[in-house]
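Trainee: I have the model open and would like to go through it with you. Where do we start?
Mentor: With the rings, after a word on how they are counted.

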Amino acid sequence: MSGSQRLTDSAAWRALQAHYAAVKDAHLRTLFADDPGRAARFTVEGAGLTLDYSKNRITEETVRLLVQLARERGVAERRDAMFRGEKINVTERRAVLHVALRAPRGERIEVDGQDMVPEVHAVLDRMAAFANQLRDGSWKGHTGKRIRTIINIGIGGSYLGPEMAYLALRPYSDRTLDFRFVSNVDGANFDEATQGLDPAETLFVVSSKTFTTLETMTNAATARKWIVSALGTDAAVARHFVAVSTNTPGVQKFGIDPANMFGFWDWVGGRYSMDSAIGLSTMIAIGPENFRELLAGFHNMDEHFRSTPLERNLPVLMGLLTVWYNNFFGAQTLGVMPYSAHLARFPAYLQQLQMESNGKHVDLTGAVVDWQTGPVIWGEPGTDGQHSFYQLIHQGTKLIPCDLIGFLQPLSPLTDHHDLLMANMFAQAEALGFGKTAEELTAEGSPTFQTPFRVTEGNRPTNAILADRLDPRTLGSLVALYEHSVFTQGAVWGIDSFDQWGVELGKVLANRIIPELRDKAAPKLTHDSSTNALIERYRRARNS
């Protein structure tokens, strides 16, 4: 943020307001008809990705003004401060250095004068050694059996990242190993994840930075009982659990050998941690070499974000387009539609990345903002979504910008299927952008009485993101693209994208309510009348 100037007082913001009034009713049909070179002009490439943003409700002047806004708001300066290891997470006084997690050996990234890259690679090397032991069968369980199932226990970034990456990269995974994920404190989640498993062949990866997270440690304690009960001794824990944590005493108390604890740092936020030790289950699944390819993809996008002029910078442009629709058109959501079944959990992953980062109501000075911040992120894979909610995007009364993500080469041998998949992606972008008029329907012979029901206005904005294939390197680039887009938005809005104090309140209140549900002495309830009534109803049901 440039100085202490508020966003809405900046010259670029005022210029964008005037520009919006002039272009808000322009239709994509007209914009394309008037400019045959529009698609080429509004297409950029970087880190193995192509972004066609020509089907957005913008002109060259829009982009110029949005980039000017980014300059006035100090996006580049804040980006550079992040890469230098400055403590841009102001409320927690921490550096924000997920970019160090994927820096190559020999690169130097400092925090408080200390180069973190050697430490990062030391952890990666230990992870690789452990992953190889599991993959080649040399790591045995307590009874001498080979480990065949790995269950990741975590929540938030300690769960969403590993699960998303595993599903995205299953074609690259070791199919002799089974991977499952437990996050929800609902006991059904643990029960279902362990159905049909042999405890003697099961390994748990417990991922919690503090080793105190309520949901994670509840599930970990249940897993410990499951292993000890089946194998008959506490000694079994050491061969069936590893930890991703920074709490060595807590890990030891649980029964895990600190040699099997993989650490990370306070400058790694949970939603930015899938390429840290949190990705241990991912590395086991796809192997160390593929994991390093994943990191290389992240790093390629980091370098693109760091060095490419703002006008051609993929994450900067995507972030600025989100600001354009969120703050000027009043769009409150952003649809993310991957045309890949393997990316089924990608929208859920982005929900945390975006909404936990930019769901803020005060700026970096602590002043309440008077502009909209983070949009609601949602989506499902194409073509599934086309047969459910796309109807609302096409003909509903809400403006919903969408990112459509596709790949030029299939991973499946069913190549005819891939042709159909990508035909649908391109068709949806075309239909959303240009629609169909009453005149066109009449010319096609549509019954007159159906015309008002079949007209689609179009002018629904989309980004088309293409890559050659969904491989580890591409996934890294894709995730980093959205990380830096989120960064760009937060810098423009002048908010701290790296804390999450709203999450903490619910945790505190839950810890207060837990004993009130369990204590048969029925302690006096001092909540609001609704919460009191809900607790009392629950206690009656549990005690009946």
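Mentor: Rings of Phe, Tyr and Trp (for Trp, its six-membered ring) pair if their centres lie within 6.5 Å; planes under 30 degrees apart count as stacked, over 60 as edge-to-face and the rest as tilted. Keep in mind that this is a predicted model.

Trainee: OK, how many aromatic pairs does the count come to by this rule?
Mentor: The count is 26 aromatic pairs. One of them joins phenylalanine 190 and phenylalanine 204, with 6.3 Å centre to centre and 15 degrees between the planes, and that pair is stacked.

Trainee: Which parts does the pair of phenylalanine 190 and phenylalanine 204 tie together?
Mentor: Phenylalanine 190 is in helix 8 (residues 187–194) and phenylalanine 204 is in strand 7, so the pair links parts 14 residues apart in sequence.

Trainee: Phenylalanine 190, buried or exposed?
Mentor: Buried, with a relative accessible area of 4%. Phenylalanine 204 is buried as well, at 0%.

Trainee: Which residues form one aromatic cluster?
Mentor: Trp13, Tyr20, Trp324, Tyr325, Phe328 and Phe329.

Trainee: And charges over rings: where does the charged end of arginine 38 sit?
Mentor: Over the ring of phenylalanine 32, 5.3 Å from the ring centre. Likewise, arginine 224 has its charged end over the ring of phenylalanine 254, 5.7 Å from the centre.

Trainee: Sheets next. What order does the open sheet of five strands have?
Mentor: The order is 6-5-7-8-9, and the pairing is parallel. Strand 6 and strand 9 (261–262) are the edge strands, each pairing on one side only.

Trainee: Over how many bridges do strand 5 and strand 6 pair?
Mentor: Five, in the parallel sense. As an example, threonine 149 has aspartate 178 in strand 6 as its bridge partner.

Trainee: Which strands does helix 7 lie across?
Mentor: Strand 5, strand 6 and strand 7; helix 7 runs at about 150 degrees to strand 6. Helix 9 (residues 214–231) lies across strand 5, strand 6, strand 7 and strand 8 (241–244), at about 160 degrees to strand 7.

Trainee: Staying on helix 7, what should its twelve residues span?
Mentor: At 1.5 Å a residue, helix 7 (residues 157–168) should span 16 Å, and its end C-alpha atoms are 16 Å apart, so the two agree.

Trainee: How many of the twelve residues of helix 7 are buried?
Mentor: Eleven, so the helix is mostly covered, given that buried means under 20% relative accessible area. Among the buried ones are Tyr159, Leu160, Met164 and Tyr166.

Trainee: What covers the buried residues of helix 7?
Mentor: The cover includes strand 5 (149–153), strand 6 (178–182), strand 7 (202–207), helix 12 (280–286), helix 15 (346–358) and helix 20.

Trainee: Helix 20, then. Where is glutamine 489 placed?
Mentor: Glutamine 489 lies in helix 20 (residues 472–493). Glutamine 489 counts as buried because its relative accessibility is 1%.

Trainee: What is glutamine 489 in contact with, leaving aside neighbours within four places in sequence?
Mentor: Gly319, Thr322, Val323, Gln354, Asn358 and Pro375.

Trainee: Back to sheets. What is the order in the open sheet of six strands?
Mentor: That sheet has the order 1-2-13-12-10-11, with mixed pairing. Strand 1 (43–46) and strand 11 (376–378) stand at the edges with a single partner strand each, so one side of each has no neighbour in the sheet. From one strand to the next, the twist averages 20 degrees.

Trainee: Which strands does helix 14 touch when packing on the sheet?
Mentor: Helix 14 (residues 314–329) touches strand 1, strand 2, strand 10 (333–338), strand 12 (402–407) and strand 13, and its direction makes about 135 degrees with that of strand 1.

Trainee: How many bridges join strand 2 to strand 13?
Mentor: Four, between strand 2 (residues 49–52) and strand 13 (residues 462–467), which run antiparallel. Leucine 49 is opposite alanine 467, and threonine 50 has leucine 466 as its bridge partner.

Trainee: And in what sense do strand 12 and strand 13 pair?
Mentor: In the parallel sense, over six bridges. There, aspartate 403 has asparagine 463 of strand 13 as its bridge partner.

Trainee: Why is strand 13 largely enclosed by the rest of the structure?
Mentor: Because five of the six residues of strand 13 are buried.

Conventions. Residues are numbered from 1 along each chain as its sequence is written. This is a predicted model: local features need pLDDT of at least 70, side-chain atom pairs count only at pLDDT 80 or more; totals for chains, interfaces and linings use all residues. Side-chain values use heavy atoms; hydrogens and water are left out. Helices (H or I, at least four residues) and strands (E, at least two) are DSSP runs, numbered from the N terminus. Buried means under 20% relative accessible area, exposed over 50%, partly exposed in between (1.4 Å probe, protein chains only). Contact means heavy atoms within 4.5 Å. The expected span of a helix is 1.5 Å times one less than its number of residues. Two strands pair if DSSP finds at least two bridges between them. Axes are lines fitted to C-alpha atoms, for helices over the stretch in contact, and angles run from 0 to 180 degrees between N-to-C directions. A charge sits over a ring if NZ of Lys or CZ of Arg is within 6 Å of the ring centre and within 35 degrees of the ring normal.
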